[in-house]
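Please work through the exercises below with the sequence and the coordinates open side by side. Each task is followed by a solution that goes step by step.

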Amino acid sequence: MEFLKSYFKYKYLQIVFYLFSAALLIFSFFILELNMRAALYPLALISVVGLGALIIDIRKAYKMHKEYERAKNYFYELSDDMPKSTSINEDDLKEIIRNLSEYSDQKSVEAYTKYSDMIEYYTVWCHQIKTPIAAMRLTLHNEDSSFSRQLKGNLDRIESYVDMVLAYLRLDSDTTDYVIKDYDLDTIVKGCIKKFSREFIDRKLSMNYTDLNMQVLTDEKWLSFVIEQIISNALKYTKEGSISVYGKDGHTLCIKDTGIGIDPADLPRVFDNGFTGFNGRSDKKASGIGLYLCKRTCKALGHKIYITSEVGVGTCVYIDLSKADLKVE
């Protein structure tokens, strides 16, 4: 139906010209007081021939339409798949399409080259920045004061931000370093909590940990990245009280805090890239990338992540670690 509408819209001038000519012929016979049957016979004959020609032209146009549709599916092989031209205008159109195809290929190559160079640069930068971080950590190793603990905490955050950059760079990479197998969830989570132990002590926040007793099919490094991001967020927005870690339904990890909570209007968008919400605007330091990376990473691992929150009461993040369709390595 759409094709016929488009066809008659394109051919309306020819159709109007035919109707005008037929009307002019009948009007001429009427003015000259000639036998109208003498006009109707050739008019009917011309109409039948014209209708036949119209049907042939519609079929030809429809075939051409289908060939162009097929050619669109093979955009990079237009020179072979484009239908044969029937006019000089179609030759010009095909030449324009070929030029656009070549231009698109060229720009795609340039964009991919620039993207690859950027990825390589930031990957190298991330690895290089870890050297001075390790050196500073080694310098502070034998120090045990409030100031040194604060510096160590800041170094942990810097390293966490560097890991976040690496994770962001690898999101759409053609290759991954996932090692999917069964892990003890308690071991993974306790390792993540240990990284923030100094901050818990310095800020006098309680960690309520309940043994999880779960075996999960996942990647240890990337799941650790997600858990660390969630704990880091919980610490950022919890001024006093506690953070609790426990299991639910035998396959869900829950991380709950007694922080400021999330505004109900912001809750549906917390996993959007770059979204900071009311809390982020108040904090002035939020990037809106952490939870986005968590969502993307969980999706890649076959896990689900969701959040419930109440302003002034706290936030709970749930990671559903049900067995996913993943291949054990």
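The exercises that follow concern a predicted model, and they go from the whole chain to a cavity, two helices and several loop residues.

**Exercise 1. Describe the protein chain as a whole by its secondary structure, its burial, its contacts and its surface.**

Step 1. The protein chain contains ten helices and seven strands.

Step 2. Of its 329 residues, 32% are buried, where buried stands for a relative accessible area under 20%.

Step 3. Taking the contacts between residues at least 6 apart in sequence, one finds that 67% of them join residues at least 24 apart.

Step 4. The accessible surface of the chain is about 21400 Å², and carbon and sulfur atoms account for 59% of that area.

**Exercise 2. Find the largest cavity, and work out which residues line it and which helices supply them.**

Step 1. Rolling a probe the size of a water molecule over the atoms shows where empty space is left. In this structure there is one cavity of 30 Å³ or more, and the volume of the largest cavity is about 30 Å³.

Step 2. Its lining consists of Gly153, Asp156, Arg157, Lys195, Phe196, Arg198 and Glu199. Sorted by class, these comprise five charged residues, one polar residue and one nonpolar residue.

Step 3. Two helices, H5 (146–170) and H7 (197–202), each supply at least two residues of this lining, and H5 gives the most, with three residues.

Step 4. Two of the lining residues, Arg157 and Phe196, are also touched by Ser232, when residues up to four places away in sequence are not counted. Ser232 has its place in helix H8 and counts as buried because its relative accessibility is 6%.

**Exercise 3. Compare the spans of H5 and H10 with those expected at 1.5 Å a residue, and list the buried residues of each helix.**

Step 1. H5 has 25 residues, and the 36 Å from its first C-alpha to its last is close to the 36 Å expected.

Step 2. The twelve residues of H10 (residues 290–301) should span 16 Å at 1.5 Å a residue, and the end C-alpha atoms are 16 Å apart, so the two values agree.

Step 3. The buried residues of H5 are Ser148, Lys152, Gly153, Leu155, Asp156, Arg157, Ser160, Val162, Met164, Leu166, Ala167 and Leu169; among them, Gly153, Asp156 and Arg157 also belong to the lining of the largest cavity.

Step 4. In H10, the buried residues are Gly290, Leu291, Tyr292, Leu293, Cys294, Thr297, Cys298 and Leu301. Their cover includes the helices H5 and H8 (220–236), together with the strands S1 (180–184), S3 (215–219), S6 (304–310) and S7 (314–320).

Step 5. Just after H10 comes Gly302, whose phi is positive, at about 85 degrees.

**Exercise 4. Identify residues other than glycine with a positive phi, and state where they lie and how accessible they are.**

Step 1. Most residues other than glycine have a negative phi.

Step 2. Asn213, which is not a glycine, has a positive phi near 50 degrees. Asn213 belongs to the loop between strand S2 (206–209) and S3, and it counts as exposed because its relative accessibility is 65%, where the cut-off is over 50%.

Step 3. Asp249, likewise not a glycine, has a positive phi of about 60 degrees. Its loop is the one between strand S4 (242–248) and strand S5 (252–257), and with a relative accessibility of 59% Asp249 therefore counts as exposed.

**Exercise 5. Place Thr210 and Gln215, and relate the separation in sequence to the distance in space for a pair that includes each.**

Step 1. Thr210 is in the loop between S2 and S3, and its relative accessibility of 44% is why it counts as partly exposed.

Step 2. Thr210 and Tyr246 are 36 residues apart along the chain, yet their C-alpha atoms are separated by 5.0 Å. Leaving aside residues up to four places away in sequence, Thr210 touches Val245 and Tyr246.

Step 3. Gln215 is part of strand S3 and counts as exposed because its relative accessibility is 51%.

Step 4. Between Gln215 and Leu321 there are 9.4 Å from C-alpha to C-alpha, for a pair 106 residues apart in sequence.

Note on methods:
Residues are numbered from 1 along each chain as its sequence is written. This is a predicted model: local features need pLDDT of at least 70, side-chain atom pairs count only at pLDDT 80 or more; totals for chains, interfaces and linings use all residues. Side-chain values use heavy atoms; hydrogens and water are left out. On a 1 Å grid over the protein atoms alone, a cavity is a set of points where a 1.4 Å probe fits but cannot get out, and a pocket is an open set with protein on both sides within 12 Å along at least five of seven lines; lining residues have an atom within 4 Å of a point. Grid points are joined across faces, edges and corners, and a volume is the space filled by probe spheres set on the points. Helices (H or I, at least four residues) and strands (E, at least two) are DSSP runs, numbered from the N terminus. Ala, Val, Leu, Ile, Met, Phe, Trp, Tyr, Cys and Pro count as nonpolar, Asp, Glu, Lys and Arg as charged, and the others, Gly among them, as polar. Buried means under 20% relative accessible area, exposed over 50%, partly exposed in between (1.4 Å probe, protein chains only). Contact means heavy atoms within 4.5 Å. Accessible areas come from the Shrake-Rupley method with a 1.4 Å probe; for residues, only the protein chains shown count as cover. The expected span of a helix is 1.5 Å times one less than its number of residues.
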